[in-house]
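Thank you all for coming; I would like to walk you through one part of a structure that will be new to most of you. Please have a look at it on the screen before I go on.

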Amino acid sequence: MTPTFEADERAVRGSNHTGMRQFNERIVLQAIRLHGAIPKADLARLTQLSSQTVSVIVSRLLDDGLLIKQERIRGKIGQPSVPLSLDPDGAISLGVQVGRRSLEVLACDFVGQVRYRHEFHYAYPDPAQVLPCIQQGLDALQTQLGPLWGRVVGLGLTSPLSMDKWASLLGSQAHNALAGWQHMDLKHEVEAMTHLPVSFAKDTTAACVAELLQGHGQNVRSFLYVFVGTFVGGGLVLSGHIDIGHRGNAGAIGSLPVGVARDGMAPPQLLEVASGWQLEQALLKAGLDPLLVQHDTIMDATYAGYTGPWLEQAGLALAMTVASGAAMLDLDAVVIDGSLARPLIDALLQRTRERLAAYKFDGMHQPALLAGRVGAHARALGGSLLPLHTQFFPDKDIFLKPSMA
């Protein structure tokens, strides 16, 4: 049965008091983003601003190149109305996502659509390799954007908070590459490459915000977000807003213990049993390409001996995560997405659903288990949305930017 949820009631309400110019502009832009092309009269009704205030704001936004007029709507009573929509070229934002196995650099327009994307892959995230790739990607975007480069408003940077951690899990060969991150300020390094303001968000938080803004977050109020990549991680949305916690660890499910400590032995953490890394290593040990995890062919019968055991252990661990999250957070849903091949993510979702059937939900709400809508590029897309939302939309703190220390 298809789950149903309460309608999203995030406010798009302005104020008619003086001194609220910037806030009211953002409210108008938010109303158009949520409702699509809309005439000024409907904007006034939705935002509860006066018609005069809306007219002044719309004129200003048109002059700034942030709005465009659509074809007049005729055939109704009264004067023909002119719907207003966001101008995709009104503002451009860049995103840089630094991962443990890949790097992504992209440009996103004012309506959240990706214009250009560049991807780089590596065995381990050696800063000596990663930083030049970032510069290469930024140079390529400037060339591709041409005159639109002048509309770029900022750069959103995402990465794991502690790139150098879990070197033991990645293996001895990764140790030297990861050691280079211990005393590096990545944000500072990227700021030195560009004149643009740079904002930072943890990678899984960025992915979660992309899902909030362009995926299930449009009609699901509270959900735990699970992103399965090289390592598994997550994010948390409560009442339509990202919640990262005081220390930035809310939703950090990779560190969640999945078991009970016995005889002084700590149980494994979720990232040790439900990350793509374990499947990659099984393939590598068999002499196969570990990057098969990113290709649809990974679900061929040829590889069932590797995918089957991984799906079982990961599904068991994620089912426990879902049940634990439901007990603590009263969730509407748990959303699972990742950078692995979509058929593999779908199979993981199904296995998790099957293993979840063994859990009791007496006294609590069982959340719906949903496939993420944004997909493999969620982390980079979320990063690119950061400058747009901090500068143009009322919920400017939708990303809470923790220190990278």
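Before the strands themselves, one definition: two strands are taken to pair if DSSP finds at least two bridges between them. Please also keep in mind that what you see is a predicted model.

With that in hand, we can turn to the sheet, which is an open one formed by 5 strands in the order β10-β9-β8-β11-β12, with mixed pairing. Its edge strands, each of which pairs on one side only, are β10, residues 241–242, and β12, residues 368–371. Strand β11, residues 333–338, runs parallel to β12 and is joined to β12 by 4 bridges, and within that part of the sheet V335 stands opposite L370 of β12.

Now to the helices. Helix α8, residues 203–214, lies across β8, β9, β10 and β11, and runs at about 120° to β8, whereas α10 lies across β8, β9, β11 and β12, at about 160° to β8.

Helix α10, residues 304–329, also packs with helix α9, residues 276–285, at an angle of about 155° and with the two axes 10 Å apart. Because angles over 145 degrees count as roughly antiparallel, α9 is roughly antiparallel to α10. The crossing of α9 past α10 is right-handed. On the α9 side the contact is made by G276, Q278, L279, A282 and L283, and on the α10 side by Y306, T307, W310 and Q313. Sorted by class, this contact of α9 with α10 has 5 nonpolar and 4 polar residues, and no charged ones.

Notes:
Residues are numbered from 1 along each chain as its sequence is written. This is a predicted model: local features need pLDDT of at least 70, side-chain atom pairs count only at pLDDT 80 or more; totals for chains, interfaces and linings use all residues. Side-chain values use heavy atoms; hydrogens and water are left out. Axes are lines fitted to C-alpha atoms, for helices over the stretch in contact, and angles run from 0 to 180 degrees between N-to-C directions. Helices (H or I, at least four residues) and strands (E, at least two) are DSSP runs, numbered from the N terminus. Angles under 35 degrees count as roughly parallel, over 145 as roughly antiparallel, 65 to 115 as roughly perpendicular and the rest as oblique. A crossing is left-handed if the near helix is turned anticlockwise from the far one by less than a right angle, and right-handed if clockwise. Contact means heavy atoms within 4.5 Å. Ala, Val, Leu, Ile, Met, Phe, Trp, Tyr, Cys and Pro count as nonpolar, Asp, Glu, Lys and Arg as charged, and the others, Gly among them, as polar.
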